[in-house]
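Colleague: Please take a close look at one part of this model and work through it residue by residue. I would like a single connected account.

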Amino acid sequence: MAGFLDRAKEQAQRGLTQGKQKLDDVQAQRAGGDLLKNLGAAYLAERRGSGSPQATQEALQALESHIATHGDGFLRA
C-alpha cells in the first residue's frame, strides 16, 4: 500500500509541475503579446507625431529583453 501511495504522490507532483510550467508559458506568451502591442502603439504614435523615438526604443528594448529571457514563441502563436 505504501508503494502505491508513493507512486500516486509522485504522479501528482509531476502533474503539478507540468501544470505550473504550462501556466508560466501562457503567462510569458501573454506578456510577450502585450509588449509587442506596446511596441506597435509606440511606433504608431511616433509616426503620427504624438510619440517619441525614445518611447519606441524603450518598447523595443523591453520586447527584446523578454525574447532573450523567454524566447520568441509568442510571435508564432
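Modeller: Two residues are said to be in contact when they have heavy atoms within 4.5 Å of each other. The model is predicted, and the part I have chosen is helix 1, together with what packs against it.

Begin with its length. Helix 1 covers residues 2–48, which is 47 residues. At 1.5 Å a residue the helix should span 69 Å, and the C-alpha atoms at its ends are 69 Å apart, so the expected and computed spans agree. Just after the helix comes G49, whose phi is positive, about 95 degrees.

At the other end, F4 belongs to helix 1. Together with M1 and L5, F4 forms a nonpolar patch on the surface. The accessible area of these three residues together is about 390 Å².

Further along there is a salt bridge between the side chains of K20 and D24, with N and O 3.2 Å apart. The two residues are 4 places apart in helix 1, which means that about one helical turn separates them. An α-helix has 3.6 residues a turn, so residues three or four places apart point the same way. K20 is exposed, because its relative accessibility of 51% is over the 50% cut-off. D24, at 30%, counts as partly exposed. The whole structure has 2 salt bridges; another pair that forms one is D72 and R76, whose closest N and O atoms are 2.8 Å apart. Of that pair, D72 is partly exposed at 32% relative accessibility, and R76 is exposed at 65%.

Now the covered side. Which residues of helix 1 are buried? They are A28, G32, L39 and A42, and they pack against helix 2, residues 53–70. L39 and A42 also belong to the largest nonpolar core, a set of 5 residues completed by A59, L63 and F74. Helix 1 and helix 2 are the elements that each give two or more residues to this core.

F74 is worth following from here. Leaving aside neighbours within four places in sequence, its contacts include Q29, G32, G33 and L36, as well as L63, H66 and I67. G32 therefore appears both among the buried residues of helix 1 and among the contacts of F74. Q29, another of these contacts, lies in helix 1 and is partly exposed, with a relative accessible area of 40%. The C-alpha atoms of Q29 and H70 are 8.5 Å apart, although 41 residues separate the two in sequence.

D34 is likewise a residue of helix 1, and at 45% relative accessible area it is partly exposed. D34 and L63 are 29 residues apart in sequence, with 9.1 Å between their C-alpha atoms. L63 is one of the core residues and is also in contact with F74.

Seen from helix 2, T56 gives a further view of the packing. T56 is in that helix and is buried, because its relative accessibility of 11% is under 20%. Which residues does T56 touch, apart from neighbours within four places in sequence? The contacts are L39, A42, Y43 and E46. Two of them, L39 and A42, are buried residues of helix 1 and members of the core.

How values were computed:
Residues are numbered from 1 along each chain as its sequence is written. This is a predicted model: local features need pLDDT of at least 70, side-chain atom pairs count only at pLDDT 80 or more; totals for chains, interfaces and linings use all residues. Side-chain values use heavy atoms; hydrogens and water are left out. The expected span of a helix is 1.5 Å times one less than its number of residues. Buried means under 20% relative accessible area, exposed over 50%, partly exposed in between (1.4 Å probe, protein chains only). Patches are made of residues with over 30% relative accessible area and no salt bridge: like charges are joined within 9 Å, nonpolar side chains (Val, Leu, Ile, Met, Phe, Trp, Tyr) within 5 Å. Accessible areas come from the Shrake-Rupley method with a 1.4 Å probe; for residues, only the protein chains shown count as cover. A salt bridge is a side-chain nitrogen of Lys or Arg within 4 Å of a carboxyl oxygen of Asp or Glu. A nonpolar core is a set of buried Ala, Val, Leu, Ile, Met, Phe, Trp, Tyr and Cys residues joined through side-chain atoms within 4.5 Å.
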